[in-house]
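Reader: I would like to learn how to read a fold feature by feature. Can we go through it together?

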Amino acid sequence: MVSIERIPVVIIGGGIGGLTLGALLRRLEIPFVILERAPVVTPQGAGISLAPNCLRALEQLGLLPAIRANSQELIGIRVYREKDCWGTIDFGLAKRWFGYNVHSIERHEFHRYLYEAAGGAETVRFGWNVADIVDDENRQTPVRVVSDDGRTIHADVVAGADGIRSATRRILASSGGVKAENTIQFTGRVHMSGYTKPLEHLTSNDLGMGHWMLYDDSILTTWPCKDNRQWFIGVKRAELAPGETPDRSVWKGATAETVNEVYGEQFHPFGRDSTVKSIVDEAERVIASNVFAEVDFPHMAKGRVALLGDAAHSMTSFFGQGACQAIEDATVLADSIADFLEGDSGALQSYSRLRERRAQDVASFSARYAQVHTAKLPLGMGKMVRSFIYQWVPSSAWMWYLGWLYGHQPVSKRLELIQRADPWDKKRI
């Protein structure tokens, strides 16, 4: 007779949302396992922005010192139209308004912090490709999580944090559990991203300065990282055949040369010779990905299964909120899981109600901002509106408006109570 493993919480997906949830459950002493389909940990992505709305939760997990030591605070963003500087947005004001500045850090480095906080090899299992999730509507039997090779784990709660192509969401959709099956739509735009070595010709005066470069046929953004490293993101319309709607990157296998073919000769003030090419040629890693947007958000919980992060609400990355929203989700879901395990049968549905509106608002904002940033507004108003916002709106007005986004800083209330009662318990903090 085969013995079936029983674990209170199964988290599907070892990305930022899943690892954050695991780190919180670990501190709440709730047993869990994280199932990751990748066979090993490998560097993914280039950089990542951590905004004030997620930094309070990361501070609660004790990760803020490491983030500060290995990231760069965003001091300002200079906006260029071709070679003309339209002005600088003072993002250093964020700390005064919201308690934290935006931090840019290498994505793989940040992922490592979360992996260790979640328990590392003790809790994360690689090579687990989930094929089915079976939830008894009457809750008489545990939830069954089944891999494609037949391995099975029984759980009281399952959290799907497996990204934009979520198997959890697809499985729920096939059983009528969510409104639609992976309803993401290709926007027609491609992101080309990279992370450079330290640019040695830059000085301490250049630290913390980001750039939004608005060219005639494309845009390029550079974010400042530690030691004057630059995380660059190029955005361009994809050239597709009529009727072609790819679900994978149209620039798969991109290299620095691929980026330079599109952006290389464009102007950038941080380039050693004032070109983008002299920045891209310093890249340690280059990746490309299509930009998708959500067209029909699912409910974030059904029965004993909940969704978080991109599995529930994919969004364009124009304002860097994908990871931040996954972290927000995890803080709320951790408490809801604790409540559910203690007998509150409606706790997961309460999580869903709390998070759905917030996630949809942020996704809608990100999509609208993408239209402004690319000057693609209706009635041909894009260029005029973009010019006005970037040249005439003061930095204080940016901070005032972003209050709804950056000022919302959820934490685990349960963990907060524990830390208040025993602030020196290093295991918990």
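Author: Start with one definition: a contact means heavy atoms within 4.5 Å. Keep in mind that this is a predicted model.

Reader: Which residues of α11 meet which residues of α12?

Author: Tyr369, Val372 and His373 in α11 meet Arg386, Ile389 and Tyr390 in α12. Sorted by class, this contact has 4 nonpolar, 1 polar and 1 charged residues.

Reader: How do I describe the geometry of such a pair?

Author: Two packed helices are described by the angle between their axes and the distance between the axes. Here the axes of α11 and α12 come within 8 Å and cross at roughly 95°. Angles of 65 to 115 degrees count as roughly perpendicular, so α11 is roughly perpendicular to α12.

Reader: What sits in the loop between α11 and α12?

Author: Ala375 is in that loop, with α11 spanning 347-373 and α12 spanning 382-392. Look at its backbone. Most residues other than glycine have a negative phi. Ala375 has a positive phi of about 60°, although it is not a glycine.

Reader: Is Ala375 buried or exposed?

Author: Buried means under 20% relative accessible area. Ala375 has 16%, so it is buried.

Reader: Where else does a residue other than glycine take a positive phi?

Author: Glu82 does, with phi near 55°. Glu82 lies in the loop between β5 (76-81) and β6 (84-89). Its relative accessibility is 25%, so Glu82 counts as partly exposed. Asp227 is another case, with a positive phi near 60° in the hairpin of β14 and β15.

Reader: How many residues lie between the strands of that hairpin?

Author: There are 3 residues between β14 and β15.

Reader: How do I read the pairing itself?

Author: Strands of a sheet pair through backbone hydrogen bonds, either parallel or antiparallel. In this hairpin, β14 (residues 219-225) and β15 run antiparallel and are joined by 7 bridges. For one of the partnerships, take Cys225: its bridge partner in β15 is Arg229.

Reader: Why is β15 described as largely enclosed?

Author: Count the buried residues. In β15 (residues 229-237), 8 of the 9 residues are buried, so the strand is largely enclosed by the rest of the structure.

Reader: Now a sheet with more than one pairing. In what order do β3, β7 and β4 lie?

Author: The order is β3-β7-β4, in an open sheet of 3 strands with antiparallel pairing. β3 (47-50) and β4 stand at the edges, each with a single partner strand, so one side of each has no neighbour in the sheet.

Reader: How many bridges join β3 to β7?

Author: There are 4, and the two strands run antiparallel. Within β3 and β7, Ile48 stands opposite Ile105. On the other flank, β4 and β7 (residues 103-106) pair over 2 bridges, also in the antiparallel sense. There, Glu73 stands opposite His103 in β7.

Reader: Which way do the residues of β3 point?

Author: Gly47 and Ser49 point one way, Ile48 and Leu50 the other way. All four are buried.

Reader: Which helix lies across β3 and β7?

Author: Helix α5 (residues 107-117) does, running at about 90° to β7.

Reader: What about the loop leading into β4?

Author: Ser71 is there, between α3 (64-70) and β4 (72-73). Its relative accessible area is 8%, so Ser71 is buried. Leaving aside residues up to four places away in sequence, Ser71 touches His103, Ser104, Ile105 and Lys226.

Reader: Which residues of α2 are buried?

Author: Pro52, Asn53, Cys54, Leu55, Ala57, Leu58 and Gln60 are buried in α2. That is 7 of the 9 residues of the helix (residues 52-60), so α2 is largely enclosed by the rest of the structure. Just after α2, Gly62 takes a positive phi of about 80°.

Reader: Last, the widest view. What domains are assigned?

Author: The domain assignment gives domain 1 (6-73 + 99-183 + 295-421) and domain 2 (185-293). Their C-alpha centres lie 25 Å apart. Across the boundary, 30 residues of domain 1 are in contact with 26 residues of domain 2.

Methods
Residues numbered from 1 in each chain as written. Predicted model: local features only at pLDDT ≥ 70, side-chain atom pairs only at ≥ 80, totals over all residues. Heavy atoms only, no water. Buried < 20%, exposed > 50% of the residue type's maximum accessible area, 1.4 Å probe, protein only. Pairing = 2+ DSSP bridges. Axes fitted to C-alpha atoms, helices over the stretch in contact; angles between N-to-C directions. Parallel < 35°, antiparallel > 145°, perpendicular 65-115°, else oblique. Nonpolar A, V, L, I, M, F, W, Y, C, P; charged D, E, K, R; others polar. Domains from an automatic or database assignment.
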